[in-house]
Amino acid sequence: MTGAPEVELSASQAARLLRSTATVRSRSRQLLERARAGESSWFIVHDDARDAAADIVVETTRLRYPDGDIPFHSRWRHFEAGGIDRLGALDAALPPAGSAERTRALIDVVLVSVLLDAGAGPEWTFRERSSDLVLTRSEGLGVASWVAFCEGVFSSDPADPLRVDATGLGRVTADTLGAAFQVGPDNPLTGLPGRVDLLRRLGEVLSSRPEIFGPDARPGGLFDHLTRGGRAEVPAVDILSGVLEYLGPIWPSDNTIDTHPLGDCWHHDAVVGPGLTAGWVPFHKLSQWLTYSLLEPFRWAGVQVTGLDELTGLPEYRNGGLLLDSGVLALHEEAWADREWEVGDELVVEWRALTVALLDEIADLVRDRLDADAASMPLACVLEGGTWAAGRVLASRLRDGLPPLTIRSTGTVF
């Protein structure tokens, strides 16, 4: 007996399928199962090392959150760098708590900050003048973008600096963003032109969709759109779908199906899928990171966000580094760690896919050790507790904080 004939997908249907977190997971699982069968050209999977990786994550989680109260993995943690309550310090200047205008402002800043969050490079630092803290990497980028927002760098209205709008983004140049991030010959920031291009693309998208982002063309308009009609409950995947659908054109990747941009979606010959989706592995790392970072503004506004674990783990170099540095993954050739890779190289695509699939398994092991379940400790908390921090700890011990693989950054993915 033969199976039903495969239904051919249109380009728009294929792009929609590749925006699904279910597809992110299923394609990643394909590559993990293939690697476990010894069919990967790049990686060996050592399943017996997963327990050690989980132990490191648990140890890190207990050190970071000894009371067991673990927040979501989000950009808001970087805004709290150095133990400083920057949101609280800004409270009096913001609209009243719980108001839609306050929520718009918070979405404005976190969305722009996440877009600016790709790897800073090993040499860049940021000195926060108000605290005299010197910060690097994600914390530095987070605080630098927070300060820039507070100073009105992304607003077109000097009388209303605490906002982001299309006109303000259109005025950002490499010089203005570089000055805000304290970039100079002795303080280089990786991918500065790419970050500026991304902000300009964001401004163009905001202007082109007034029905979503409102007449002022602000990122915060996404909140109004997703809660239209007084909606008090929003699935997490609806937030991600909005981010991918409405902000998809900002991504500079050439990865497309017909005229539909795929964003953080890359090719791997071994991946099976229907029609036009065959060979494509989606990740949407920054879009999912943004979605995780939008959970709190929605909740602070009284909107319940459901289905958190439909989002996936984030396939970036800290989570992926945890797996390599703990021995869960090993390269077939050690010399590959000494060369520079492109984001679209098959080794990098597979590393990221294995990271997504293995994070789900590590999360279950971590919950078992902490006597928790997915309801009390969703993946967003496992990442925060967690896998990302443990990856950073191991990188610090082994390579002064550098990731185990070197990937050329454009400022838009890693």
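A salt bridge is a side-chain nitrogen of Lys or Arg within 4 Å of a carboxyl oxygen of Asp or Glu. The legends below apply this criterion to a predicted model.

**Figure 1. Overall view of the predicted chain.** The secondary structure comprises 17 helices and 12 strands. Along the principal axes, the C-alpha atoms occupy a box of roughly 65 × 50 × 45 Å. The radius of gyration is 21 Å, which agrees with the value near 22 Å that a compact globule of 414 residues would have. Of the 414 residues, 56% are buried. Among contacts with a separation of 6 or more, 75% join residues that are 24 or more positions apart.

**Figure 2. Surface and charge of the chain.** The chain exposes about 16,900 Å², and 50% of this area is supplied by carbon and sulfur atoms. Its side chains include 38 positive and 60 negative ones. The centres of these two sets lie 3 Å apart. Under the criterion stated at the outset, the chain contains 31 salt bridges.

**Figure 3. Salt bridge between E361 and R36.** The closest N and O atoms of E361 and R36 are 2.6 Å apart. This pair links distant parts of the chain, as E361 belongs to helix α16 (residues 346-369) and R36 to helix α2 (residues 21-36), 325 residues apart. E361 has a relative accessibility of 14% and therefore counts as buried, the cut-off for that class being under 20%. R36, at 31%, counts as partly exposed.

**Figure 4. Salt-bridge network around E361 and R36.** Both residues of the preceding view also take part in a network of salt bridges. The network links R29, R36, D47, R50 and E361.

**Figure 5. Salt bridge between E101 and R218.** The side chains of E101 and R218 meet at an N to O distance of 2.8 Å. E101 lies in helix α6 (residues 100-115), whereas R218 lies in the loop between α11 (210-213) and α12 (221-226), so the pair ties together parts that are 117 residues apart in sequence. With a relative accessible area of 28%, E101 is partly exposed. R218 is buried, its relative accessible area being 5%.

**Figure 6. Salt bridge between E139 and R392.** The closest N and O atoms of E139 and R392 are 2.8 Å apart. Here two helices are involved: E139 is in α7 (residues 137-150) and R392 is in α17 (residues 379-399), so the salt bridge ties together parts that are 253 residues apart in sequence. E139 counts as buried because its relative accessibility is 17%, which falls in the class defined as under 20%. R392 is partly exposed, with a relative accessible area of 25%.

**Figure 7. Surroundings of T355 in helix α16.** T355 lies in helix α16, the helix that also holds E361. The relative accessibility of T355 is 1%, so T355 counts as buried. When its neighbours within four places in sequence are left aside, T355 is in contact with L314, P315, N319, G320 and L323.

Technical notes:
Residues are numbered from 1 along each chain as its sequence is written. This is a predicted model: local features need pLDDT of at least 70, side-chain atom pairs count only at pLDDT 80 or more; totals for chains, interfaces and linings use all residues. Side-chain values use heavy atoms; hydrogens and water are left out. Helices (H or I, at least four residues) and strands (E, at least two) are DSSP runs, numbered from the N terminus. Buried means under 20% relative accessible area, exposed over 50%, partly exposed in between (1.4 Å probe, protein chains only). The radius of gyration is taken over C-alpha atoms; the globule rule is 2.2 Å times the number of residues to the power 0.38. Contact means heavy atoms within 4.5 Å. Accessible areas come from the Shrake-Rupley method with a 1.4 Å probe; for residues, only the protein chains shown count as cover. Lys and Arg count as positive and Asp and Glu as negative; His and the chain ends are not counted. The place of a charge is taken as NZ of Lys, CZ of Arg, CG of Asp or CD of Glu.
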